[in-house]
Each structure stands twice: as structure tokens, then as C-alpha cells.
Amino acid sequence: MAVRGDEFFRLLGALVEVERAENEQYSSFSVRGKRFGYYWPRTQTVGLKQTLSEQRALVAERPEVFEEQFTAGGFGWVVVHLDGIEADELAELLFEAWRLSAPEELVASVPDWAERSPVAG
């Protein structure tokens, strides 16, 4: 039940128009200039944009896997510990983070991962 960093990047690669920026300690990910995620290799965690209600639900349900990162612009960001999540659940959260940042016409051009998950590879 753990996702490795390379699996996270494979899932990320299945999304369209993802822009990656590197920092000394982390990578960040945007779609058309709007940030939706982070990856910290040292801690094997990712930060993902979610709705406020989803952020609260994830943290309340499994605080050993999810923690509140911050809130901004009406969204709640969550830290996901990769060693505590399965790939299919991470894929859904990653798609949702991307969807919350991508323009509507781009979202409409991509199949919803809840219906057709990229986990199988």
C-alpha cells in the first residue's frame, strides 16, 4: 500500500499541459500557470489542491496519511504521505487537484479518471 515517487510522476505524466518547476527541496506542478501540486522527495510526500470539504474529510478520516497543509483562495491543500496511500486513490486526488486548476475547456477534453483510471499503466 505505498506509492513510490516514480509512480507519482507516471500518474502526473498522464495529465495534459502540466508545467513542472524545480526547487532545491521540492518540485511544483501547474496547469496553464495555476498551481495544483508539490512533491517533496526527502519526505516522500505530495501536496495537492482540494476543496475545503475534501481537505477536512481526508484529514479527519486518516490523519496518519493526510495532513492539512494550508488554505488559499477557497481551497484546502493537503499533504499526502505516499507510504500510506494506494495508487488508485492518489490518482483520483491528483486528477481532482489538476481539475480544480485547469480551465473548463481543458478539463472537458480529458476523460475523468474516476471513470478510467491511469493506474493500470
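# How the labels in this model are earned

Author: Both Tyr 38 and Trp 40 are buried, and this statement, like those that follow, concerns a predicted model.

Reader: What does the word buried say about Tyr 38 and Trp 40?

Author: A residue is called buried when its relative accessible area is under 20%, so the label tells you that both Tyr 38 and Trp 40 fall under that cut-off.

Reader: How many aromatic pairs does the structure hold, and what makes the one between Tyr 26 and Trp 40 a tilted pair?

Author: There are 11 aromatic pairs in the structure. For Tyr 26 and Trp 40 the ring centres are 6.3 Å apart and the planes meet at 55 degrees; since rings pair when their centres lie within 6.5 Å, and since tilted covers what is neither under 30 degrees nor over 60, the pair qualifies and is called tilted.

Reader: Which parts of the chain does the pair of Tyr 26 and Trp 40 tie together?

Author: Tyr 26 belongs to the loop between strand 1 and strand 2, whereas Trp 40 belongs to strand 3, so the pair links parts that are 14 residues apart in sequence.

Reader: Why is the pair of Tyr 38 and Trp 40 called stacked?

Author: The angle between the planes of Tyr 38 and Trp 40 is 15 degrees and the centres are 5.7 Å apart; because planes under 30 degrees apart count as stacked, the label follows. Tyr 26, Tyr 38, Trp 40, Phe 70 and Trp 77 form one aromatic cluster.

Reader: Is Tyr 26 buried, partly exposed or exposed, and how do you know?

Author: The relative accessible area of Tyr 26 is 26%, and because this lies between the limits of 20% and 50%, Tyr 26 is called partly exposed.

Reader: Where do Phe 70 and Trp 77 stand with respect to one another?

Author: Phe 70 stands opposite Trp 77, which is in strand 6. Strand 5, made of residues 66–72, and strand 6, made of residues 75–81, are antiparallel and joined over six bridges; as two strands count as paired from at least two bridges, they meet the requirement. The hairpin they form has two residues between the strands, and in it Gly 73 takes a positive phi near 55 degrees.

Reader: What makes strand 4 an enclosed strand?

Author: Six of the seven residues of strand 4 are buried, so the strand is largely enclosed by the rest of the structure. Strand 4 is joined to strand 3 by four antiparallel bridges, with Val 46 as the bridge partner of Tyr 39, and it is joined to strand 6 by seven antiparallel bridges, where Thr 45 stands opposite His 81. In the hairpin of strand 3 and strand 4, four residues come between the strands, and Gln 44 in the turn has a positive phi of about 50 degrees.

Reader: How do you know that Lys 49 lies over the face of Phe 75?

Author: Lys 49 is placed at 4.3 Å from the ring centre of Phe 75, which is inside the limit of 6 Å; the label also requires a position within 35 degrees of the ring normal.

Reader: Why is Ser 101 called buried, and what makes its approach to Lys 49 a polar contact?

Author: Ser 101, which lies in helix 3, has 4% relative accessibility, and because buried means under 20%, it counts as buried. The side chains of Ser 101 and Lys 49 come to 3.1 Å, which satisfies the limit of 3.5 Å, so the pair is called a polar contact. Leaving aside neighbours within four places in sequence, Ser 101 is in contact with Val 31, Lys 34, Arg 35, Phe 36 and Lys 49.

Reader: How do you know on which side of helix 1 the buried residues lie?

Author: In helix 1, residues 5–13, the buried residues are Gly 5, Glu 7, Phe 8, Leu 11 and Leu 12. They cover an arc of only 160 degrees around the axis, which puts them on the same side of helix 1. What covers them includes strand 1, strand 2, strand 3, strand 4 and helix 3.

Reader: Why is Val 18 called partly exposed?

Author: Val 18, in strand 1, has a relative accessible area of 27%, which lies between 20% and 50%, so partly exposed is the fitting term. Among the residues in contact with Val 18, beyond its neighbours within four places in sequence, are Leu 12, Phe 36 and Trp 98.

Technical notes
Residues numbered from 1 in each chain as written. Predicted model: local features only at pLDDT ≥ 70, side-chain atom pairs only at ≥ 80, totals over all residues. Heavy atoms only, no water. Buried < 20%, exposed > 50% of the residue type's maximum accessible area, 1.4 Å probe, protein only. Arc of directions from axis to C-beta. Contact = heavy atoms within 4.5 Å. Polar contact = N/O pair within 3.5 Å; in protein donor to acceptor, adjacent residues only side chain to side chain. Phe/Tyr/Trp six-rings, centres within 6.5 Å; stacked < 30°, edge-to-face > 60°.
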